[in-house]
Amino acid sequence: MDKKLKITEIARRTNLSTSTVSRVLAGKANTSETARRMVLECARELGVMDGIAAGRLLLNNLVIFAPQRAFDERSDIFYYRVIQSISKALDSHEVRLRYCPLEELDSDANAFIARMNEPETQAAILLGIDDPHIHELAADFAKPCVLINCRDKRMRLPTVAPDHRAIGEFAADYLFDSGHRDMVVVMCLRRYTMDLRLAGIKDAWQQRNLRFQSKRDLITVPSFSAREAQSRVAEWLDGAAHKNPPTAFLVGGDFMAEGTVRALQQRGLRVPQDVSVMSIDAFNLAAIQDVPLTAVHVPRDELGTEAVYMLQQRLIRPQAAIGSLLINGMLVVRESVRRIRPGQRRTAVEREGLYDV
């Protein structure tokens, strides 16, 4: 159905004139609020709003550069799903999507140049590529390029990324607001994005006039695996300096949270009755060992969608100002975190509601 027919259909469904519908969809101010609401609700039902927001992409070929592991769901489910979200955002457009693996650092510049110089390459998305030389090359090409979850330190390329620092602070704030003061953070710091999350967590400590001490408050894990997290947390719990467990663990990923829960359970500690566990991720494992996981969702599918919209804007307005879009996380409250009331270290878990029979 083309735009004219959709305007006619909206007019028929809302009993408004086609001119009124056209004015509302054009953003004109000379319409009533009632008419505006009716038209927009109907337009959303018919899918018109998506077309207005995205428009028609002015390209037919797009290349995604990403680390090799991003193309395998078993190796990096986060990046794999971001790529899937890019593909989904392009479904309504006649765009051929191609892929090229690059290392995060020390990337193959010749491979990048060769792919970008191909006549069919009209634009590119760089996902998780931290090599500043590649960023320089991308900025010098007369082809639009958008970064996802990485940054161009010379600020020549637009970027879409989770607001890692704010997400870390938000997660720690939730535990503080739930009454926890004795907390331990479990993180893999192999990339600067994780450093940003840790910086946000430290911000939450500082805002409460608390001093974050890495030797006491931080357990680092070499990867995001459950096995390594379990080993590190178990070693920490068995250490002579940690006779009493903290009231909560804040963990930088779902698989690491799974390992943390296992280490606790092997030592007879229940989650959340004895120790709370919260994750920053929460896409891979909604429930761990029958424990529904409270977490801050890190934006994932939104990254691909917003990158496509940003690319469209670069095509329409190539001389527009270049900036970064930082996307907020979302809190999902389940059952792995217990609230601690003032004067109590932990609260008992009540499986039944107040009025359950």
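**Strand 3: covered or not?**

How many of the five residues of strand 3 (residues 123–127) are buried? Five of the five are buried, so to speak of strand 3 as mostly covered is fair by definition (buried is under 20% relative accessible area, exposed over 50%, partly exposed in between, with a 1.4 Å probe and protein chains only). Ala123, Ile125 and Leu127 point one way from the strand, while Ala124 and Leu126 point the other way.

This is a predicted model, where local features need pLDDT of at least 70, side-chain atom pairs count only at pLDDT 80 or more, and totals for chains, interfaces and linings use all residues. Residues are numbered from 1 along each chain as its sequence is written, and side-chain values use heavy atoms, leaving out hydrogens and water.

**Partners on both sides**

Strand 1 (residues 61–66) runs parallel to strand 3 and is joined to it by four bridges; strands here are DSSP runs (E, at least two residues; helices are H or I, at least four), numbered from the N terminus, and two strands pair if DSSP finds at least two bridges between them. Val63 faces Ala124 across this pairing. Strand 4 (residues 145–148) also pairs with strand 3 in the parallel sense, over four bridges, with Leu127 opposite Ile148.

**The wider sheet**

The open sheet holds six strands in the order 2-1-3-4-5-13, with parallel pairing. Strand 2 (96–101) and strand 13 (324–327) each have a single partner strand, so one side of each lacks a neighbour in the sheet.

Strand 1 pairs with strand 2 over six bridges in the parallel sense, and Asn61 stands opposite Arg96 there.
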